[in-house]
Amino acid sequence: MKTLYKFVALAGVSALTTSCFNKENPNYQLFPNMYESVAYETYSESPAFKNGKEGQLPAKGSIPRGFEPYEYENSPEGLAAAKANLKSPITEPTAEDLAEGKKLFDIYCAICHGEGGDGKGNLVKREKFLGVPSYADRDITPGSVYHVITYGMNSMGSHKNQLTQHERWLVTEYVMKLKSEL
């Protein structure tokens, strides 16, 4: 008998709460912030964070999705280790890979290194930079080329902010092609 009373009471409460629903005037939201969050302007002041700023730095040690950390340090020892051990993930570069590498090389590298990798780019011809070596004169490997593109060397600056990891490998493959042709 008690279960019958419980059932009738539950049915009554359900009928009472659902019968009053009007689509044009919806019921109250118990926790409105769960449905309508407070929008903050980027870099504005916000009481939500300890430092009072909305724009926060990523958590220490976080890595962007799709990014692979580069394990070789920016030092002569790191260059030597990369030269000896680092291998290209592009095992067999296709014609499309080399075409894309050439396009990137022409944009970022040819101005100094020359279109053929001979070290006679326009900036060298105009004597803005001197001593850019030909790839034929250098003992380079894919690992050393990638390392130098990533960190830079001597007068050459780093290109890791201009080129993605994959693009750096495409340029590396194209540089190795140029070396084999010199």
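**Exercise 1. Determine how many aromatic pairs the whole structure holds, and classify the pair of Tyr70 and Tyr151.**

Solution. The structure is a predicted model, in which local features need pLDDT of at least 70, side-chain atom pairs count only at pLDDT 80 or more, and totals for chains, interfaces and linings use all residues. Residues are numbered from 1 along each chain as its sequence is written, and side-chain values use heavy atoms, with hydrogens and water left out.

Step 1. Apply the criterion: rings of Phe, Tyr and Trp (its six-membered ring) pair if their centres lie within 6.5 Å; planes under 30 degrees apart count as stacked, over 60 as edge-to-face and the rest as tilted. A search of the whole structure yields six aromatic pairs.

Step 2. For Tyr70 and Tyr151, the ring centres are 5.7 Å apart and the planes stand at 55 degrees, so the pair is tilted.

Step 3. Locate the partners. Tyr70 is in the loop between α1 and α2, whereas Tyr151 is in helix α6 (residues 142-151); the pair links distant parts of the chain, 81 residues apart. Helices (H or I, at least four residues) and strands (E, at least two) are DSSP runs, numbered from the N terminus.

Step 4. Extend to the cluster: Tyr70 and Tyr151 belong to one aromatic cluster with Tyr72, Tyr146 and Trp169.

**Exercise 2. Describe the salt bridges within helix α3 and state how exposed their residues are.**

Solution. Step 1. Side chains of opposite charge can pair when their charged atoms come close. The criterion is a side-chain nitrogen of Lys or Arg within 4 Å of a carboxyl oxygen of Asp or Glu. The whole structure has four salt bridges.

Step 2. Glu100 and Lys103 form a salt bridge at 3.6 Å, N to O. Both residues lie in helix α3 (residues 95-108), three residues apart, about one turn of the helix.

Step 3. Asp106 bridges to Lys102, with the closest N and O atoms 2.8 Å apart. This pair also lies in helix α3, four residues apart, about one turn.

Step 4. Assign exposure (buried is under 20% relative accessible area, exposed over 50%, partly exposed in between, with a 1.4 Å probe and protein chains only). Glu100, at 28%, is partly exposed, and Lys103 is partly exposed at 47%. Asp106 is partly exposed at 32%, as is Lys102 at 34%.

**Exercise 3. Explain the spacing of the salt bridge between Glu181 and Lys177.**

Solution. Step 1. The closest N and O atoms of Glu181 and Lys177 are 2.7 Å apart.

Step 2. Because the two residues are four apart in helix α7 (residues 165-181), Glu181 and Lys177 are separated by about one helical turn.

Step 3. Lys177 is partly exposed, with 28% relative accessibility.

**Exercise 4. Characterise the overall form of the chain.**

Solution. Step 1. The chain has seven helices and zero strands.

Step 2. The radius of gyration (over C-alpha atoms) is 31 Å, well over the 16 Å that the globule rule gives for 182 residues, so the chain is more spread out than a compact globule. The rule is 2.2 Å times the number of residues to the power 0.38.

Step 3. Along the principal axes, the C-alpha atoms fill a box of roughly 95 × 40 × 35 Å.

Step 4. Buried residues make up 26% of the 182 residues.
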